[in-house]
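Me: I should like a close look at a single strand and its surroundings in this structure. Please describe how its side chains are placed and how it is joined to its neighbours.

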Amino acid sequence: MAYADKCFVGKRVKLNLLDEAEVRQIHEATLDVIENVGVKFHSQKALDVLEANGATVDRESTVAKIPAAVVEQAMSTAPHEYTLGARNPEYDLPLDGEHVYISSDGCGVFVRDPKTGEVRSSVKQDLADCARVVQALDNVSATSAVVSAQDRPPETRVLHEFDACVRNSEKHSIVVSIKEDWEARSLIKMAEAMAGGKEELRRRPMFTTIICTVSPLHQERFGMDLALTLAEAGIPVSFYPMPILGATGPITIAGSAVVNNAEFLSGAVLVQLAHPGAPVMHGGGPTAMYMNSGAYASNSPEALLLRSCQGHMANFYGVPAWYGAGATTAKEPGIQSAYENALAMFMAYANGADVTFGTGLLDGSRILCLENMVVDDEIIGMVKRILTGIEVSEETLAVELIKKMGFNGNYLFDNHTRAHVRELWQARLGETGNYDGWKNAGARSTTEKAQEKVAEILAAPAAEFPADLGVEFDAIIAAAAKEAATAI
């Protein structure tokens with residue numbers, strides 16, 4: 001079975017929190033904001049593209065007001081489906097609305113020691129370890145710069161993070177924290193080396209980029225310049241707004257959904273005007289906050305509902321939905337991290353997400369905890385099974401079997417049971433036996449079993465990485481360091 005087939009959900013169960021009229025209202029409100037308020041683009045390249053295509057641009061304020069007709073025309077060229085490539089094609093991820101994926105999160109700055117619980121600053125080896133865990137888990141489909149490689153020079157840090165990911169996992173990779181043009185060009189060179197050339201990279205992009213917007217209604221220079229460079233090379237761009245209810249967006253869910261959508265849509269329109277057909281994703285990690293303390297509330301009910309709007313809007317525009325889920329605010333693995341991440345993942349996929357970003361971090365995406373990723377792998381397996389729904393057919397109704405068995409039948413040993421038993425979801429981490437059996441086996445907690453799984457994965461050999469590709473990567477990173485030194 002191909003890896004993507006394991007991520008197939010077919011007739012997906014959906015909550016449909018918004019009806020068609022409500023989705024249309026959010027869209028029209030977004031057009032109103034983009035055309036009459038505008039969006040601040042701090043990139044002269046972006047302003048040039050927008051002005052050349054009919055937007056009203058104020059160079060002094062950097063505000064671009066984009067007419068609704070320009071938005072509609074530009075979005076008509078955005079591709080509906082495409083594939084995210086992996087170092088091993090077996091792990092390619094088709095974005096077709098019928099598969100669901102989760103990646104590791106990013107970009108934290110700390111790591112929690114599984115034995116002592118102490119927290120320290122992250123280094124490149126932590127990314128390598130995380131990538132190895134991603135490689136070993138069935139339900140985590142892509143790796144990422146989950147934490148920062150703080151033991152590497154800032155000017156090439158993002159290249160080292162990508163290097164650690166792809167050397168230790170054959171799955172698709174996600175790049176975060178990219179800032180400068182030389183980083184983008186170097187990443188593209190590394191990806192071309194993996195894919196086998198420029199055209200093959202366009203067909204199977206080896207990485208996805210997350211470009212964060214700045215709420216409310218700002219597009220930073222770095223992000224927009226990079227989006228244009230990466231889109232030209234065929235690298236998928238996930239625009240990632242993060243408005244906060246009542247802080248950087250209206251306190252109402254619908255109002256912040258408009259801000260979120262305006263930031264995505266203005267970035268996507270820019271890319272489509274410059275490079276029609278470039279792959280884009282409706283991304284984002286909008287949140288709430290606790291008003292009595294100002295603390296981050298990534299998985300409050302309002303935050304989950306706000307993110308759920310994204311899946312509906314992505315479906316409206318016909319682009320993949322990619323948004324944050326799993327960023328628990330818990331400080332250690334346990335009950336809070338499990339219930340927050342389970343609700344976040346279910347809400348995401350039940351409302352149209354194709355990919356969620358991500359798993360592996362605690363404390364609101366700050367602290368890496370590999371055992372939590374193992375728990376999340378179990379959770380997403382359950383979620384995918386629920387989303388698959390119920391098949392109703394002559395075979396599954398089993399009326400003839402029920403008639404045959406009558407009142408005293410035992411279904412356990414029937415051929416029908418044997419034919420379908422492997423369709424049942426099976427727990428790998430959770431307890432399924434009786435209390436005495438659990439106690440006699442050492443009374444291990446779920447967290448302890450997850451820690452043992454991580455230790456088992458890291459003790460096994462890493463995924464093989466071609467030596468010649470490693471040499472080429474080293475050379476690209478060294479050349480980028482020299483270019484950065486000259487630029488600085």
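Reply: Strand β10, residues 172-175, is covered on both faces. His172 and Ile174 lie on one side, Ser173 and Val175 lie on the other, and all are buried (under 20% relative accessible area, where over 50% is exposed and anything in between partly exposed, with a 1.4 Å probe and protein chains only). In a regular strand, side chains alternate between the two faces of the sheet. Strands here are DSSP runs of E of at least two residues, and helices are runs of H or I of at least four, both numbered from the N terminus.

The model is predicted: local features need pLDDT of at least 70, side-chain atom pairs count only at pLDDT 80 or more, and totals for chains, interfaces and linings use all residues. Residues are numbered from 1 along each chain as its sequence is written, and side-chain values use heavy atoms, with hydrogens and water left out.

Strand β10 pairs with strand β9 (residues 142-144) in the parallel sense, over 3 bridges; two strands count as paired if DSSP finds at least two bridges between them. Within this pairing, Ile174 of β10 is the bridge partner of Ser144. From β9 the chain passes through helix α6 (residues 157-168) to reach β10, in a right-handed β-α-β crossover. Right-handed denotes that, with the strands pointing away from the viewer, the path from the first strand over the helix to the second runs clockwise.

Strand β10 also pairs with strand β11 (residues 207-212), again in the parallel sense and over 3 bridges. Here Ser173 stands opposite Phe207 of β11. Ser173 and Ile174, the β10 residues named in these two pairings, are both buried.
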